[in-house]
Structures are given as C-alpha cells and as structure tokens.
Amino acid sequence: MEKVYYYPPASKGGYSNPYSINFKKALSEFYEVLDSENKPSSMLSFSFLLNSVKANLYIINWLESVCFLRFSLIQYFFARLGLLIIKLRKKKIVWIFHNIHPHQGSNKYSKKIQKILFDQSSLIISHSIDAANYAKEHTKTKVLYACHPIQPIKLAEKFIPQYKNIDIFIWGSIQPYKGIVEFITLPFVRNSDLNVLIIGKCENQKLSKQITENLQENIIFENRQADFSEIKAYCETSSYVVFPYIGTSVSSSGALIDTIAFKGTPVGPSKGAFKDLEQDGMCIVYHNDEELKNILLSKKLIDRHRIHEFILQNSWNAFVKKFFINL
C-alpha cells in the first residue's frame, strides 16, 4: 500500500477533537498511514520535517498556523524545509483548506506557507463552498468542495441535563472569533427571557473575564470541556444550538457537524459551511442581528428525518474516496 503522512500529528495532550483521528482511520482503508498510533509530538513542524522523506502522499491541515505556535520562527523554518523536501522528491500533497485565514490572524509567514501550498498541492479540498471559491482564485490546482464528514457518535451513558428549559446552547472551545461576548451583550438577548447556556474551555483569561462580567440570571457560562454525552443531551433538549461566529476566518466547523449528528438545531451566520448546510436543510442561518433575533424568538425547526440520510452521504469513507479517485 502507498504510504501517507497526515499532518498535524497529535500534540502533547493528544488530538483536541476527533477530526484527525477519524480522518486517519478512514485513510487506513486505502493507504499505509504513518504514525497510525497517534504518538504525541513535542513540535508539530519538526515531525512534519522528519516525515517529509518517508511518504508518497501528504495530507496537510492547518500547516500555515505553525507561525502562531511556540517557537514560531523555528516552526516556520521546519515547515518550509519539509515542503521543499516533498517538492524535490516530487511527492503529492492534498491540502485540506479549512479556513481562508488562520483563526489566530494572518501574517507574512502564514501567507507564504499558504502561497506555497496553493502552488505545490496536487489537490485542494475545502469543507465550504466559500473557501473552495477563494482557493480557486489563488491556484491552478484542482479544488474540490466536500462537506465536513460526519462520524455517528455512539454513547454508552445517557446524561441527565442539570439545566432545564434551555433555549440557546453554545458549546466548544471558547475563542474570540466565536463572537460569544458580542452575542450575550446583544440587547434582545439581555432583555429577553431566553435561557442561554455556554459550556466550553476558554484559555484566554481576558475573554473569559469579559464573558463572566456579562453574565446575568438567564445567561450561564461554565468554563470547562464537556464530554459528548453531556453535549448531546443539551443539543437534543435545547431549542437552538447557536454559533454566533464573527470575522472573516469562518469557513467550516466541526462543532456544527457534531451538533447535526447529535440532532440539535444549529443556527449560524450565512457564510461558509453554515450557508452550505442551510441548502441541505441541516442548519438555520441569519444575515444580521435582527434576523438572528427573529429566529431565536420563533420556533423554527430542521427536518430531523433527513439527518440519517445526510450522515450516510457524508461519511468519512465517502470523503476519503472522493479525493482518492481525484488524485
């Protein structure tokens, strides 16, 4: 079998979400996957460099974000050197173009890595049509749109929700681009009787403080990572699972896909994957705060009977087959 290397490897604490684990497992049906044991790496770009001489195919995610990691300039150098070695070896790259710009921002180093990947990749895949269209404007390489794959999540234990009658549930890692402070300070949220529950780990102390300072009786924030059984329970029992994302980096969202798998009713901005999945009847979108207000004060629903078919059509194996036949 052809050898494939998947970037990024697991970090010291392991993979922070199941995307990479599911991806590598699906790849193993077609390829010999290097680092299939998901051994933790102390420096992601150095692992990339070491493996640049070992595989025939490279699956690359978020490499441009090494510029924002610890020892950023060294990491950038290792990433550039690894890409050069792959080019000299004439091996193929499949670049999963997740975000138009890294969530951390954009600088001359991240832009350079993106430019190299636009030029050097054999195939570029995006999980949103917006990002795919952006990529097509910056490359001569073939670009494919593929919905973010869904992995059905089977849970052994059923979680009994502590909070009842939740209207709006927000979950996942808490970062500035997710617009949570902006959402909970909206007048209609503060002046309504909508019950808002936010559960997610926030490493940014300034952001955590801003959220905490704007809590009130109908807005609850728990700064912690919840397990899937709890998330599933609140997705099912809440009226809406809201993604009040802001900024220009928004493209795809793993939390959005998991919310659909958990049979929640997601609401998000009319951009990126949110807009794409609205076309499939899997998401409700808004263009401005007034539209968001009207949605949350109404009782719109998605057709949950279509979720099973949607999951089958967008499995991990179907996703890997899509680029396997396009290489």
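Where is the place of alanine 226? In this predicted model, alanine 226 is found in the loop that runs between strand 9 (219-222) and helix 9. With a relative accessible area of 16%, alanine 226 is buried, since the limit for that class is under 20%. Residues up to four places away in sequence being left aside, alanine 226 touches Ile199 and Ile231. Its separation from glycine 14 amounts to 212 residues in sequence and to 16 Å in space, taken from C-alpha to C-alpha.

Helix 9, which follows this loop, spans residues 228-237. Buried positions in helix 9 are Ser229, Glu230, Ile231, Ala233, Tyr234 and Cys235. These buried residues pack against three strands and a helix, namely strand 7 (168-171), strand 8 (196-199), strand 10 (240-242) and helix 10. Phenylalanine 228, also in helix 9, has a relative accessibility of 25% and therefore counts as partly exposed.

Aromatic pairs number 24 in the structure. One of them joins phenylalanine 228 to phenylalanine 262; the ring centres lie 5.4 Å apart and the planes meet at 65 degrees, so the arrangement is edge-to-face. The two residues are 34 positions apart in the chain, and phenylalanine 262 belongs to the loop between helix 10 (254-261) and strand 11 (266-269). In contrast to the partly exposed phenylalanine 228, phenylalanine 262 is buried, at 1% relative accessibility. Elsewhere, ring pairs connect Tyr6, Tyr19, Phe23, Trp62, Trp316 and Phe319 into a cluster.

Helix 10 is also in contact with helix 11 (residues 272-279). The axes of the two helices come within 10 Å and cross at roughly 30 degrees. Helix 10 and helix 11 are therefore classed as roughly parallel, a term applied to angles under 35 degrees. Leu256, Ile257 and Ile260 form the helix 10 side of the contact, while helix 11 contributes Ala273, Phe274 and Leu277.

Six strands make up an open sheet with parallel pairing, arranged in the order 2-1-3-4-5-6. Strand 2 (32-33) and strand 6 (142-145) occupy the edges; each has a single partner strand, so one side of each lacks a neighbour in the sheet. Within the sheet, strand 3 (residues 57-61) and strand 4 (residues 92-96) run parallel and are joined by five bridges. In this pairing, asparagine 61 is placed opposite isoleucine 96 of strand 4. Helix 2 (residues 44-51) lies across strand 3 and strand 1 (3-7), and its direction makes an angle of about 165 degrees with strand 1.

A further buried site is provided by histidine 127, which has a relative accessibility of 1%. Histidine 127 is located in the loop between strand 5 (123-126) and helix 5 (129-136). A polar contact of 2.8 Å connects the side chain of histidine 127 with that of tyrosine 19, and tyrosine 19 is in turn a member of the aromatic cluster that includes Tyr6 and Trp62. The histidine 127 side chain also reaches the backbone oxygen of alanine 146, at 2.9 Å.

Methods: Residues are numbered from 1 along each chain as its sequence is written. This is a predicted model: local features need pLDDT of at least 70, side-chain atom pairs count only at pLDDT 80 or more; totals for chains, interfaces and linings use all residues. Side-chain values use heavy atoms; hydrogens and water are left out. Two strands pair if DSSP finds at least two bridges between them. Helices (H or I, at least four residues) and strands (E, at least two) are DSSP runs, numbered from the N terminus. Contact means heavy atoms within 4.5 Å. Axes are lines fitted to C-alpha atoms, for helices over the stretch in contact, and angles run from 0 to 180 degrees between N-to-C directions. Rings of Phe, Tyr and Trp (its six-membered ring) pair if their centres lie within 6.5 Å; planes under 30 degrees apart count as stacked, over 60 as edge-to-face and the rest as tilted. Buried means under 20% relative accessible area, exposed over 50%, partly exposed in between (1.4 Å probe, protein chains only). A polar contact is a pair of N or O atoms within 3.5 Å; within protein, one must be able to donate a hydrogen and the other to accept it, and residues adjacent in sequence count only if both atoms are side-chain atoms. Angles under 35 degrees count as roughly parallel, over 145 as roughly antiparallel, 65 to 115 as roughly perpendicular and the rest as oblique.
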